[in-house]
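Trainee: I have a model open on my screen and would like a close look at a single part of it, the big open sheet. Could you walk me through that sheet and then show me how the rest of the chain sits around it?

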Amino acid sequence: MQYSIENEFIRLTVESKGAEVYSVVNKHTGAEMLWNGDPSVWPRRAPILFPYTGKLTGGKMIAKGLEYQGPQHGFARDVEHTLVRHTDDVLEFELHADSQTLPIWPYAFVLRSTFTLEERTVHHKLTVENPVEPMLRFGIGFHPGFVIPFDDKHKTEDYEFRFDEIESPLCVSALPDGLLEGDKYYYLARNTRRIPLTDDLFDNDSHCMVNLRSKSLAIVEKDTGRRISCDIEGYPYVLIWSKPIKPLRFVCIEPWQSLTGEANGPLEWESRPCAASLKQGESWSTTMSTTFDR
């Protein structure tokens, strides 16, 4: 099911499967600003990554003494979430451990997604609660895709990623198979606020930038200044990615609180690096705020 809220500037629609943002429409122009989920290119739009980001070592984990197979980016994006609040300005969904999740990940949890609008900004808050487990460890991240070009008068090279501080973005390598291979890093650029967008930027997959100083990262139309800007403050990892189909059809800006698995890392869930560890009764939250100035 799809549910919507709107204000003077934006109409936001969220799909209950995955609590995934389905549409962000500029009400003044009628333009769709989110990627459309074309299955021939990339069938998703803005999935939630939980209870881990990226891949598991060997595609599996050992948890509570048993082995589980784990798909990329976890399961939250693929299961139905329950709508618990729908007002004029709030959408809220919850996912609880149940028959959908326990065969995949044997932990009790509550994952809450709260969506609000503030002028041209969409706030998406994720809250994780530990109801009964002695300790709940998890990873989490966002993965929204934004359609480019913004109109039929522009092409890929008319856009750039723009930081709000001068950066020399250091990236951790997960080549060739999406898993970390020891301490392999590279610089995407040096001493700049800008990363030019080109059709070959993602030929080798995403770029995972670590410990940025900037509070925001935007995709900007260079001649007009129109942009989509994501608040990345407090995120240790920020990825940029697109499906390398030429010309590019969309770009993703992905703030993550945890990393993909290691090629030779531990299989035990409790040994995997995580975003947070919650004692019974504790909760933790993170918010992605996206401003659509286009």
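**The open sheet and its surroundings**

Mentor: Happy to. The sheet you ask about is built from nine strands, in the order E7-E8-E9-E10-E24-E20-E19-E14-E17, with antiparallel pairing. Its edges are strand E7 (82-86) and strand E17 (192-196), each of which pairs on one side only. From one strand to the next, the twist averages 20°. Please keep in mind that this is a predicted model. As a general reminder, strands of a sheet pair through backbone hydrogen bonds, and they can do so in parallel or antiparallel fashion.

Let's start with one pair in that order, E10 and E24. Strand E10 covers residues 121-129 and strand E24 covers residues 283-293; the two run antiparallel and are joined by nine bridges. If you want a landmark on this pair, find histidine 123, which stands opposite serine 289 in E24.

Just ahead of E10 there is a backbone detail to look at. Glutamate 119 lies in the loop between strand E9 (110-118) and E10. Glutamate 119 has a positive phi of about 50°, although it is not a glycine. Most residues other than glycine have a negative phi. Glutamate 119 counts as exposed because its relative accessibility is 55%, and the cut-off for exposed is over 50%.

Beyond the edge strand E17 you meet another residue of this kind. Aspartate 205 sits in the loop between E17 and strand E18 (207-210). Its phi is also positive, about 90°, and aspartate 205 is not a glycine either. With 39% relative accessibility, aspartate 205 counts as partly exposed.

Now move to strand E19 (residues 216-221), where glutamate 221 is found. Glutamate 221 has 0% relative accessibility, so it counts as buried; the cut-off for that is under 20%. What does the side chain of glutamate 221 make a polar contact with? One partner is the side chain of tyrosine 159, at 2.5 Å. Another polar contact, of 2.6 Å, joins the side chains of glutamate 221 and threonine 224. Leaving aside neighbours within four places in sequence, glutamate 221 is in contact with Phe150, Asp151, His154, Asp158, Tyr159 and Arg226.

That brings us to a proline in the loop before E14. Proline 149 lies between strand E13 (145-147) and strand E14 (159-167). The peptide bond leading from isoleucine 148 to proline 149 is cis, with omega near -10°. Most peptide bonds are trans. A second cis bond runs from lysine 246 to proline 247, with omega near -5°. Proline 247 is in the loop between strand E21 (237-241) and strand E22 (250-256).

Next, have a look at the start of the chain. Strand E1 (residues 2-6) has a covered face made of Tyr3 and Ile5, while Gln2, Ser4 and Glu6 make up an uncovered one. In a regular strand, side chains alternate between the two faces of the sheet. Five bridges join E1 to strand E2 (residues 10-15), and these two strands run antiparallel. The connection between E1 and E2 is a hairpin through three residues. On this pair, glutamine 2 has glutamate 15 in E2 as its bridge partner.

A little further along is asparagine 26, in strand E3 (residues 20-26). Asparagine 26 is buried because its relative accessible area is 10%, which falls under the 20% cut-off. A polar atom of the asparagine 26 side chain lies 2.5 Å from the backbone oxygen of arginine 294. Not counting residues up to four places away in sequence, asparagine 26 touches Phe9, Ala31, Met33 and Arg294.

Finally, step back to the whole chain. There are 24 strands and zero helices. The radius of gyration is 19 Å, close to the 19 Å given by the globule rule for 294 residues, so the chain is as compact as a globular protein of that length. Along its principal axes the C-alpha trace spans about 55 × 45 × 35 Å. Of the 294 residues, 54% count as buried. Among contacts with a separation of 6 or more, 65% come from residues 24 or more positions apart. The accessible surface comes to about 12900 Å², and carbon and sulfur atoms account for 47% of that surface.

Key:
Residues are numbered from 1 along each chain as its sequence is written. This is a predicted model: local features need pLDDT of at least 70, side-chain atom pairs count only at pLDDT 80 or more; totals for chains, interfaces and linings use all residues. Side-chain values use heavy atoms; hydrogens and water are left out. Helices (H or I, at least four residues) and strands (E, at least two) are DSSP runs, numbered from the N terminus. Buried means under 20% relative accessible area, exposed over 50%, partly exposed in between (1.4 Å probe, protein chains only). A polar contact is a pair of N or O atoms within 3.5 Å; within protein, one must be able to donate a hydrogen and the other to accept it, and residues adjacent in sequence count only if both atoms are side-chain atoms. Contact means heavy atoms within 4.5 Å. Two strands pair if DSSP finds at least two bridges between them. Axes are lines fitted to C-alpha atoms, for helices over the stretch in contact, and angles run from 0 to 180 degrees between N-to-C directions. The radius of gyration is taken over C-alpha atoms; the globule rule is 2.2 Å times the number of residues to the power 0.38. Accessible areas come from the Shrake-Rupley method with a 1.4 Å probe; for residues, only the protein chains shown count as cover.
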